[in-house]
Amino acid sequence: MVREIVENELTPLILKYGFPNEKLIGLDEASFHHKHQYDKLKSNFAFIILVHYFSHSRPTTLNEILLSNIETGNISPRQYASLIDFQAQWGRNKYYKGLHYNEWHSSKNEKDLDQINKNREAIGLEDLETKKVKYQRGLDACKARNLGHYKHIKFWIFCG
């Protein structure tokens, strides 16, 4: 069913209008929930559908289309990298023979890290070491917040 949705409905939609994400639909904030209620649209629906689609070995026909949508601002580099990570993880080299971006799933092969960093840089993501430092900084801020130190920005991805 997911394959049919992607191939028959989502891909033609992306080709015609661009990836249906925040730029085209809007942010998923409380003030925008009427969009979901009335229009049945939410900016992460297409991304979640593609996560499930690429959780199985699939052809890479969407890769260039999604990559071009980074340039137009319709999909974020993190989302693109995450989708490619699903292909790298679950494609089992049947269709996708490239490397992870180490955004959602990570390559365990140390020899790949230089190329992964080059791939990340090419789409506008920070290198893996910088990503690790930022993540640790967020965790440290959450720990301090939990201890009662509230002079930090709340990172929703880290702190509850």
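This is a walk through the fold, its core, its aromatic pairs and a few asparagines.

Keep in mind that what you're looking at is a predicted model. The protein is helical: 8 helices and 0 strands, so to speak α-α-α-α-α-α-α-α when you read the elements from the N terminus on. Of the 160 residues in the protein, 36% are buried. If you take the contacts between residues at least 6 apart in sequence, 43% of them join residues at least 24 apart. As for the outside, the protein exposes about 10600 Å², and carbon and sulfur atoms supply 55% of that area.

Let's start with the inside. The largest nonpolar core has 25 residues, and the ones with the most contacts inside it are Phe-19, Leu-50, Leu-62, Leu-66, Tyr-80 and Leu-83. Which elements give two or more residues to this core? They are H1, helix H4 (45-53), helix H5 (63-72) and helix H6 (77-90). H6 brings the largest share, with 6 residues. To get a feel for the packing, pick Leu-50: setting aside residues up to four places away in sequence, Leu-50 touches Val-6, Leu-10, Phe-19, Leu-62, Leu-66 and Leu-83.

Leu-50 also takes us to H4, whose buried residues are Ala-46, Phe-47, Leu-50, Val-51 and Tyr-53. Look down the axis of H4 and these buried residues fall within an arc of 160°, so they line one face of the helix. What do they pack against? The partners of the buried H4 residues are H1, H5 and H6.

Now for the aromatic rings. The structure holds 4 aromatic pairs. In general, you describe a pair of aromatic rings by the distance of the centres and the angle of the planes. For Phe-47 and Trp-104, the ring centres are 6.2 Å apart and the planes sit at 40°, so this pair is tilted. The pair links distant parts of the chain, with Phe-47 in helix H4 and Trp-104 in the loop between H6 and helix H7 (113-122), 57 residues apart. The two partners are covered to unlike degrees: Phe-47 counts as buried because its relative accessible area is 8%, while Trp-104 is partly exposed at 43%. Another pair is Tyr-53 with Phe-54, where the centres are 5.0 Å apart and the planes are at 70°, so this one is edge-to-face. Tyr-53 and Phe-54 are both buried. There is also an aromatic cluster, formed by Phe-47, Phe-86 and Trp-104.

Phe-54 deserves a stop of its own. You'll find Phe-54 in the loop between H4 and H5. Why does Phe-54 count as buried? Because its relative accessibility is 1%, and the cut-off for buried is under 20%. Leaving aside neighbours within four places in sequence, Phe-54 is in contact with Pro-59, Leu-62, Asn-63, Leu-83, Phe-86, Gln-87 and Trp-90. The C-alpha atoms of Phe-54 and Ile-84 are separated by 8.2 Å, with their positions 30 residues apart along the chain.

One of the contacts of Phe-54 is Asn-63, which lies in helix H5. Asn-63 is a buried polar residue, with a relative accessible area of 9%. What does its side chain find there? The side chain of Asn-63 makes a polar contact with the side chain of Gln-87, at 2.6 Å. Outside its neighbours within four places in sequence, Asn-63 is in contact with Phe-54, Tyr-80, Ile-84, Gln-87 and Tyr-96.

Asn-21 is another buried asparagine, with a relative accessible area of 6%. Its place is in the loop between helix H1 (2-17) and helix H2 (22-25). The side chain of Asn-21 makes a polar contact too, with the side chain of Gln-79 at 2.4 Å.

The last stop is Asn-102, in the loop between H6 and H7. Most residues other than glycine have a negative phi. Asn-102 has a positive phi of about 55° although it is not a glycine. Asn-102 is buried as well, because its relative accessible area is 8%.

Definitions and conventions:
Residues numbered from 1 in each chain as written. Predicted model: local features only at pLDDT ≥ 70, side-chain atom pairs only at ≥ 80, totals over all residues. Heavy atoms only, no water. Helix = DSSP H or I, 4+ residues; strand = E, 2+ residues; numbered from the N terminus. Buried < 20%, exposed > 50% of the residue type's maximum accessible area, 1.4 Å probe, protein only. Polar contact = N/O pair within 3.5 Å; in protein donor to acceptor, adjacent residues only side chain to side chain. Core = buried A, V, L, I, M, F, W, Y, C linked by side-chain atoms within 4.5 Å. Contact = heavy atoms within 4.5 Å. Arc of directions from axis to C-beta. Phe/Tyr/Trp six-rings, centres within 6.5 Å; stacked < 30°, edge-to-face > 60°. Areas by Shrake-Rupley, 256 points an atom, 1.4 Å probe, with all protein chains shown as cover.
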